[in-house]
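Work through the exercises below with the model open. Each task is followed by its solution in steps.

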Protein chains: 2
Amino acid sequence: MIQQNIKIAVDAIVFGYSNNTLNVLLIKQKYGVLENQWALVGGFVKDNEGLQDAVVRELKEEAGIDVDYLEQLYTFGDDVKRDPRFHVVSVAYFALVNNSVFTLIADTDAADARWFPVNNLPDLAFDHKAIIDLSIKRLQSKLSYQPIGFDLLSASFLFSELENLYCTILEKEIDRRNFRKKVLNFGFVEETNKFAPQKSGRPAKLFKFNHKKYRKLVEDGFVFEIKFA
Amino acid sequence: MIQQNIKIAVDAIVFGYSNNTLNVLLIKQKYGVLENQWALVGGFVKDNEGLQDAVVRELKEEAGIDVDYLEQLYTFGDDVKRDPRFHVVSVAYFALVNNSVFTLIADTDAADARWFPVNNLPDLAFDHKAIIDLSIKRLQSKLSYQPIGFDLLSASFLFSELENLYCTILEKEIDRRNFRKKVLNFGFVEETNKFAPQKSGRPAKLFKFNHKKYRKLVEDGFVFEIKFA
DNA sequence: CCAAAAGTGTTCACGGTACACCCATGC
DNA sequence: GCATGGGTGTACCGTGAACACTTTTGG
């Protein structure tokens with residue numbers, strides 16, 4: 001059997017969107033090496049545990065949440081000193097939670113959990129800042145060719161919320177009329193007959209994302225893409 | 001220090017293109033567990049060795065080559081029994097070699113190395129078949145939005161070779177006139193004043209990919225994209 | 001002169017972009 | 001009645017798609 005002194009960890013970059021702001025979930029562990037240091041949710045993989053299972057477990061243990069979208073991002077292991085204690089390779093996962101989960105983050109036995117706006121992050125452990133930067137790029141590019149924006153909103157949402165989400169994350173201005181036209185033309189964003197009262201101004205229709213319709217369209221060769229000038 | 005009995009390996013999926021065929025590099029080790037079994041180039045990461053360094057080393061040791069393009073593909077570790085001996089997580093890398101390297105593959109001390117057409121693969125070790133399938137998908141999609149096709153050709157190439165490469169890998173028919181128009185419009189594919197004699201028919205101009213020009217265009221906001229009906 | 005592959009322009013349709021005014025509500 | 005955000009249609013332009021004949025060489 002091979003001798004090897006490398007440890008495998010997983011880390012999760014969890015994004016949440018609220019009040020026109022993109023946030024990342026960070027934790028401060030209550031004991032251990034990372035005491036008093038903000039870091040991504042994560043930890044070592046257990047023997048006989050799958051990678052994704054490990055992420056799901058850590059998310060539950062350290063932040064008490066289930067996420068709406070989870071995919072592997074990148075494996076960090078070119079710098080053998082990224083963890084100063086010993087050689088650790090970390091498989092980073094990219095996760096999204098919708099608005100209702102966003103409000104539910106609570107401290108757990110293991111850690112204090114808090115949302116931080118992506119443009120106002122505290123100092124972070126290890127190379128976690130670089131990992132977050134990469135995730136943001138991934139989020140930006142995915143937004144253009146996969147309908148993941150909906151995973152950051154509530155089950156029903158206002159068109160203006162969707163539009164603002166795209167504006168905020170992509171840091172672009174978008175023509176409201178063209179955006180609406182394009183999104184509704186897809187056919188999988190449907191209006192409900194409910195309205196949301198506004199602080200001021202005309203009440204707005206609530207819309208929802210029809211997952212079934214989306215999947216059917218994709219089977220029939222539809223390719224999601226949304227671009228801006 | 002954490003107790004953990006998981007090993008980290010790297011695997012490389014190396015593509016080469018020749019005679020209108022996409023090939024993958026496979027090896028058959030001369031000793032060890034994988035004797036008489038075709039497999040991807042790969043092996044365990046050494047203590048204090050970076051992941052990418054490990055891939056580069058294995059490529060040299062087992063196939064005697066340097067590649068032209070290398071990027072991380074995916075980390076396989078959800079199935080804890082993917083290697084029946086013990087728990088192994090494998091970081092897979094996607095690599096391309098140009099036509100001149102293609103011809104140079106030779107057996108090394110460690111292994112017999114051979115190219116196999118992707119649609120005529122032998123039985124493979126572990127989950128290597130699934131890894132190759134994923135790589136092919138990645139190659140197909142990358143081809144559309146990154147100029148990596150050039151890494152599979154010689155430094156100078158015929159337009160028809162480029163065109164055939166796209167046709168073969170994407171399994172599509174392409175209009176020659178539109179393809180040529182589009183590619184030349186980019187501005188980074190330049191004709192040389194050399195000609196290649198054909199077996200039959202009119203001699204063809206050789207073209208080359210101007211890396212500097214491409215990089216400059218990208219800096220100025222150019223986004224590569226090439227699609228077909 | 002025939003076979004084989006290289007080289008070349010034009011027309012049409014669709015989708016993207018730009019752009020400004022009316023509507024419903026709360027105060 | 002006014003401030004605030006919601007909701008809507010049209011005209012233009014550029015890019016992508018379809019499509020067929022001429023050129024150069026070798027045998």
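Ala, Val, Leu, Ile, Met, Phe, Trp, Tyr, Cys and Pro count as nonpolar, Asp, Glu, Lys and Arg as charged, and the others, Gly among them, as polar. The model is predicted: local features need pLDDT of at least 70, side-chain atom pairs count only at pLDDT 80 or more, and totals for chains, interfaces and linings use all residues. Residues are numbered from 1 along each chain as its sequence is written, chains are lettered from A and ligands numbered from 1 in the order in which they are written, and side-chain values use heavy atoms, with hydrogens and water left out.

**Exercise 1.** Describe the protein surface near DNA strand D and sort its residues by class.

Step 1. A residue is near a strand if one of its heavy atoms lies within 4 Å of it. By this criterion 23 residues surround DNA strand D, and A:S160, A:R176, A:K181, A:G201 and A:R202 are the closest.

Step 2. Sorted by class, the surface has 11 charged, seven polar and five nonpolar residues.

Step 3. On the DNA side, sugar or phosphate accounts for 40% of the strand D atoms within 4 Å of the protein, and bases for the rest.

Step 4. Next come the polar contacts, that is, pairs of N or O atoms within 3.5 Å; within protein, one must be able to donate a hydrogen and the other to accept it, and residues adjacent in sequence count only if both atoms are side-chain atoms. The side chain of A:S200 places an N or O atom 3.0 Å from a sugar or linking oxygen of strand D. A polar backbone atom of A:K205 is 3.0 Å from a phosphate oxygen of strand D. A base oxygen of strand D is 3.0 Å from an N or O atom in the side chain of B:R202.

Step 5. Two or more residues each come from α5 (176-186) and β10 (204-209) of chain A and from α5 (176-186) of chain B. Here helices (H or I, at least four residues) and strands (E, at least two) are DSSP runs, numbered from the N terminus. With five residues, α5(A) gives the most.

**Exercise 2.** Which elements give two or more residues to the surface near DNA strand C?

Step 1. DNA strand C is surrounded by 22 residues, the closest being A:N178, B:S160, B:R176, B:K181 and B:S200.

Step 2. Examine the polar contacts. B:K181 has a polar side-chain atom 2.9 Å from a base oxygen of strand C. The side chain of B:R180 has an N or O atom 3.2 Å from a phosphate oxygen of this strand, and a polar backbone atom of A:A229 lies 3.3 Å from a phosphate oxygen.

Step 3. The elements are α5 of chain A, together with α5 and β10 (204-209) of chain B. The largest share, five residues, comes from α5(B).

Step 4. By class, the surface near strand C comprises five nonpolar, six polar and 11 charged residues.

**Exercise 3.** Describe how helix α4 (residues 159-170) of chain A lies against α5(A).

Step 1. Two packed helices are described by the angle between their axes and the distance between the axes. Axes are lines fitted to C-alpha atoms, for helices over the stretch in contact, and angles run from 0 to 180 degrees between N-to-C directions.

Step 2. The axes of α4(A) and α5(A) come within 11 Å and cross at roughly 105 degrees. α4(A) is therefore roughly perpendicular to α5(A), a term for angles of 65 to 115 degrees.

Step 3. Contact means heavy atoms within 4.5 Å. A:F159, A:L162, A:E163 and A:Y166 of α4(A) meet A:R176, A:F179, A:R180, A:V183 and A:L184 of α5(A). This contact has six nonpolar, no polar and three charged residues.

**Exercise 4.** How many residues does the contact take from chain A and chain B?

Step 1. Each chain gives 30 residues: 30 from chain A and 30 from chain B.

Step 2. Buried area is the accessible area (1.4 Å probe) that two parts lose on being put together, summed over both. Between chain A and chain B this area is about 2800 Å², with carbon and sulfur atoms giving 53%.

Step 3. A:I2, A:Q4 and A:I8 supply 20% of the area that chain A buries against chain B, more than any other three residues.

Notes: Angles under 35 degrees count as roughly parallel, over 145 as roughly antiparallel, 65 to 115 as roughly perpendicular and the rest as oblique.
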